[in-house]
Amino acid sequence: MVRKELLHLWRARSRVVATFAFAFATLLLFSFAGGLNADLLRANAAGYLWVGLLLASTLSLGESFRVETAHDSLEMLLLLPVRPTAIFVGKAVGNLVVLLLVGVVMVPAAVVLFDATPREGLAPLLLTVLLGTASISAPGTMHAALSARARSRDLLLPLLLFPLVVPCVIAAVQASRACFTGDVMDELGAWLRVLVGFNVVHWSLGALLFARVVED
Amino acid sequence: MKAAVIAAEVGRRFAGRWALSGVDLEVAEGETVLLHGPNGAGKTTLLRVLSSAIAPTRGTVTVFGAPVIEQRHRLALLTHADGHYDELSGRDNLELAASLGQLRGDLGALLERVGLARRADDPVRTYSAGMRKRLSFARLLLKSPEITMFDEPYAALDTAGHTFVDELFAELRARGATVLISTHQVARVAPMCDRAVRIDLGKVVWQGRGVDVVTGDAA
């Protein structure tokens, strides 16, 4: 399933490009909204980065299941038969790859737009991006599947997803802020552990409950 | 003869409307059954429930004595919604099915057989409806199931395609496979079937020999 997702991603690369363009446009809007106040932009760089990624994720997550419902491919997979857990893991990893790619490209964009150099180095920031995007991908995949057959699915997905991932986004913002401004309070490790915890919970729940979502 | 499929009191509701209401149907192993009836009668819904593509709202479906969901590897459904991925090529789609379903077969030979060899590496989004249908047949042949369910198998196919489907039905019968066919091409298919079942308003309203449908006894 993971290989299938990656192959499909490669053949439909426009999805990654569109997600990145949307996320970049969001960062650009934040930089305009902040005006000439460089201190304000720098202080809020982590928040802008994650709000941009969260908003862009709804595009990518929704599209990942539009592909499955367009010709009832999900039914075809279940009848092959592929285990729902395998479908969940494949879709979630595919969504993680898209968000991770977008996140990795967004970091230098944030550095340039907000003049926010990562004082703790790039490695902890990239680890934060990995854990943060993974903590959006798992519940995002679950809720994209839930809303895929709804008529107003584009509206439903953020309504279902955002309240659920707010704690993950807060943790990711705090960890990223520590990376950007310097970890003077020695809190980076704690926030990363919180993100690991959210990932364990969300990925486990997704693997356990996905069958209930897709078996109509 | 042993029962291959048993539907007991099967009902399925969509948005408050019962598309199927209390269908009882038993299909014996090796039997070929025609499902016919007017548009909106519930034929497609019945096949989707029998194949476990969707769950019944009430009632049960068993395949070879076990819940259908546990027997998915023994059946296949060919329907309007083909499940192909538009951005992948025909060959990719078939390779995907082989890999995910752990199916073995000569994919090149299958593509040749369904007449898609020359366009096998083109994205499926460039295929016509008939070519998509041919790709579905290739996937079905790859799986080679014990129970095969067809929903409008002739739709979108050209004359050569119709002949291909006729030959496939004959092949499946000769192999002793259990086959359910839902179609409006009743005169063409009924003589090939052991039994015909007429569905209307989500219920079985008539059952009899396949040849009786053609002679008008089902009316």
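**Exercises: a helix pair and a buried strand**

α7(A) crosses α9(A) in the left-handed sense. Keep in mind that this is a predicted model.

**Exercise 1.** Work out how helix α7 (residues 122–147) of chain A and helix α9 (residues 188–214) of chain A pack.

*Solution.* Two numbers do the job here: packed helices are described by the angle between their axes and the distance between those axes.
- Step 1: for α7(A) and α9(A), the angle is about 20 degrees and the axes lie 9 Å apart.
- Step 2: angles under 35 degrees count as roughly parallel, so α7(A) is roughly parallel to α9(A).
- Step 3: sort the contact of α7(A) with α9(A) by residue class, and you get 19 nonpolar, seven polar and no charged residues.

**Exercise 2.** Now hop over to chain B and take strand β3 (residues 32–36). Is it mostly covered or uncovered, and which way do its residues point?

*Solution.*
- Step 1: β3(B) is mostly covered, with five of its five residues buried.
- Step 2: split them by direction. Thr32(B), Leu34(B) and His36(B) point one way, while Val33(B) and Leu35(B) point the other way. Both sets are buried.

**Exercise 3.** Find the strands that pair with β3(B), and trace the partners of Leu34(B).

*Solution.*
- Step 1: strand β8 (residues 178–182) of chain B pairs with β3(B) in the parallel sense, over four bridges.
- Step 2: strand β9 (residues 195–200) of chain B also runs parallel to β3(B), joined by four bridges.
- Step 3: pick out Leu34(B). Its bridge partner in β8(B) is Ile181(B), and in β9(B) it stands opposite Ala196(B).

Conventions
Residues are numbered from 1 along each chain as its sequence is written. Chains are lettered from A and ligands numbered from 1 in the order in which they are written. This is a predicted model: local features need pLDDT of at least 70, side-chain atom pairs count only at pLDDT 80 or more; totals for chains, interfaces and linings use all residues. A residue is buried if 20 or more other C-beta atoms lie within 10 Å of its own, exposed if 12 or fewer, and partly exposed in between; C-beta atoms are placed from the backbone. Helices (H or I, at least four residues) and strands (E, at least two) are DSSP runs, numbered from the N terminus. Two strands pair if DSSP finds at least two bridges between them. Axes are lines fitted to C-alpha atoms, for helices over the stretch in contact, and angles run from 0 to 180 degrees between N-to-C directions. Angles under 35 degrees count as roughly parallel, over 145 as roughly antiparallel, 65 to 115 as roughly perpendicular and the rest as oblique. A crossing is left-handed if the near helix is turned anticlockwise from the far one by less than a right angle, and right-handed if clockwise. Ala, Val, Leu, Ile, Met, Phe, Trp, Tyr, Cys and Pro count as nonpolar, Asp, Glu, Lys and Arg as charged, and the others, Gly among them, as polar.
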